[in-house]
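Reader: Before we discuss how this chain is put together, could you set out the sequence and the model, so that I can follow each step of the reasoning?

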Amino acid sequence: MKKSTFQKLALASFAALLWSCQTPEEKTTEETNAAIKSESVIDRASAASCGTMYALVLSAGTSTPVPGGMSSHIYKVDVCTSPVAYNYLSTINIGGTLVTSVTGLCAIPGNPGVAWAVTGINSNFPSRLLKVQIATGAAVVAAITAVPLQDIENYGNTGLFLAIKEGSSTIMNVNVGSGACAVFASVSFTNQFNGLTFVGNKVQVMSGLTSIMCPPNYGDIFEFDLSGSGVGRYSYKNLPANNIYTMKELGFHYDNCCRRWVVGSSSGIISNNFDITACTPSNPTFLLNTAATGQPHYAIYDFMLEP
């Protein structure tokens, strides 16, 4: 059913109000991002020093909570190449038993080659924090998490780990020693969060199919400082015609080397956008359809950067 003219005007007014409520700190972020927009892709020599990027890839499934029964895999990804380099590494398992429906992956500072992983409610190991060998996929259960999680990320070597409470618009502060979780931040007026990343000393979360900020474009982004206070609202500006770019659960990553904001969707599309501030273009750029690589696993659920 088409929206009435009144509904359209109301939605546009609401979006305008959200943009107008930015603090001076947010405007500084906008100025920084405007400068980023004007930069060209950084050369490969510079990009080579930016760490190794991995993707958590499931065998299928586009919804959140993540459906059960999906095998879970780790791929090595280099978004600085053209086309994007995308290569299978391992399948996550515990003692040879496949761990299904893993929902998040992040580096363990000071422990190269090993990652934290989390599972959602529909995994055969539900609500678990796993320690995973990246090269082999061999995993052990480190803790049971207080709630099912997705998209866990670490803030450098500070000990701060954040994740999304699966199927919600709530960010959790995760104690990786015990699995305890405490609410870090929450937004009540949007659809559920689907991806989380750190951008400098801020955390950003995306709601892949929400279009409040720049209607009718998808991918609203909410920014918080390290205390959990909201400091910015932006948009990935994904066109309705390309809704699978942000459909639905997704890997969300800020790449400081060459692509800036990168999204890998559970529909198997990797894209990027250099500017998320204003509702004018640029819109996301297509980088790779993972299903077209000839490799069997294609639904991207998280990205991980190992320094």
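**Strands, cores and disulfides**

Author: In this predicted model, an open sheet is formed by 4 strands in the order β10-β11-β12-β13, and the pairing is antiparallel.

Reader: Which strands stand at the edges of that sheet, each with a single partner strand?

Author: Strands of a sheet pair through backbone hydrogen bonds, either parallel or antiparallel. An edge strand here has a single partner, so one side of it is left without a neighbour in the sheet, and this applies to β10 (149-154) and β13 (181-186).

Reader: What does the twist average from one strand to the next in the sheet β10-β11-β12-β13?

Author: The order of the open sheet is β10-β11-β12-β13, and from one strand to the next the twist averages 30 degrees.

Reader: Within the pair of β11 and β12, which residue stands opposite Met172?

Author: Strand β11, residues 161-165, and strand β12, residues 170-174, pair in the antiparallel sense over 3 bridges. Opposite Met172 in β12 stands Ala163.

Reader: Turning to β7, how many of its residues are buried?

Author: In a regular strand the side chains alternate between the two faces of the sheet. In β7, Val114, Trp116 and Val118 point one way while Ala115, Ala117 and Thr119 point the other way, and all of these are buried. The strand, residues 114-119, is therefore mostly covered, since the buried residues number 6 of its 6.

Reader: Which residue stands opposite Trp116 of β7, and is that residue buried or exposed?

Author: Strand β6, residues 102-107, pairs with β7 in the antiparallel sense over 5 bridges, and Cys106 stands opposite Trp116. The relative accessible area of Cys106 is 1%, and buried means under 20%, so Cys106 is buried.

Reader: Which residue takes a positive phi in the hairpin of β6 and β7?

Author: The hairpin has 6 residues between the strands, and the positive phi, near 80 degrees, is taken by Gly110.

Reader: What is the bridge partner of Val118 in β8?

Author: Strand β8, residues 128-133, runs antiparallel to β7 and is joined to it by 5 bridges. In β8, the bridge partner of Val118 is Leu129.

Reader: Which residues of the largest nonpolar core touch the most other members?

Author: At least two residues of this core are supplied by each of β1 (52-58), β6, β7, β8 and β22 (299-306). Leu130 touches residues including Ile92, Ile94, Val99, Ala115, Trp116 and Ala117, where residues up to four places away in sequence are not counted. Of the 21 residues in the core, those that touch the most other members are Ile92 and Leu130.

Reader: How many residues are in the other core, which lies apart from the largest one?

Author: Val262, Ile270, Ile300 and Phe303 are among the members of this other core, and the number of its residues is 17.

Reader: How far apart in sequence are the parts that the disulfide of Cys50 and Cys257 ties together?

Author: A disulfide is a covalent bond between the sulfur atoms of two cysteines. Cys50 and Cys257 are joined in this way, with an S to S distance of 1.6 Å. Cys50 lies in the loop between α3 (44-47) and β1, and Cys257 in the loop between β18 (250-255) and β19 (260-265), so the parts tied together are apart in sequence by 207 residues.

Reader: Is the disulfide of Cys80 and Cys258 left-handed or right-handed?

Author: The sulfur atoms of Cys80 and Cys258 are 2.0 Å apart. The torsion about their S-S bond is about -95 degrees, so the disulfide is left-handed.

Reader: Of Cys214 and Cys279, which is buried and which is partly exposed?

Author: These two cysteines form a disulfide with sulfur atoms 2.1 Å apart. Cys214 lies in the loop between β15 (202-207) and β16 (218-224) and Cys279 in the loop between β20 (269-273) and β21 (285-289), so the pair ties together parts 65 residues apart in sequence. With a relative accessible area of 3%, Cys214 is buried, whereas at 38% the partly exposed one is Cys279.

Reader: What is the pairing of the bonded cysteines, numbered in sequence order?

Author: The count of disulfides comes to 3, and with the bonded cysteines numbered in sequence order the pairing is 1-4, 2-5, 3-6.

Terms used
Residues are numbered from 1 along each chain as its sequence is written. This is a predicted model: local features need pLDDT of at least 70, side-chain atom pairs count only at pLDDT 80 or more; totals for chains, interfaces and linings use all residues. Side-chain values use heavy atoms; hydrogens and water are left out. Two strands pair if DSSP finds at least two bridges between them. Axes are lines fitted to C-alpha atoms, for helices over the stretch in contact, and angles run from 0 to 180 degrees between N-to-C directions. Buried means under 20% relative accessible area, exposed over 50%, partly exposed in between (1.4 Å probe, protein chains only). A nonpolar core is a set of buried Ala, Val, Leu, Ile, Met, Phe, Trp, Tyr and Cys residues joined through side-chain atoms within 4.5 Å. Contact means heavy atoms within 4.5 Å. A disulfide is a pair of cysteine sulfur atoms within 2.5 Å.
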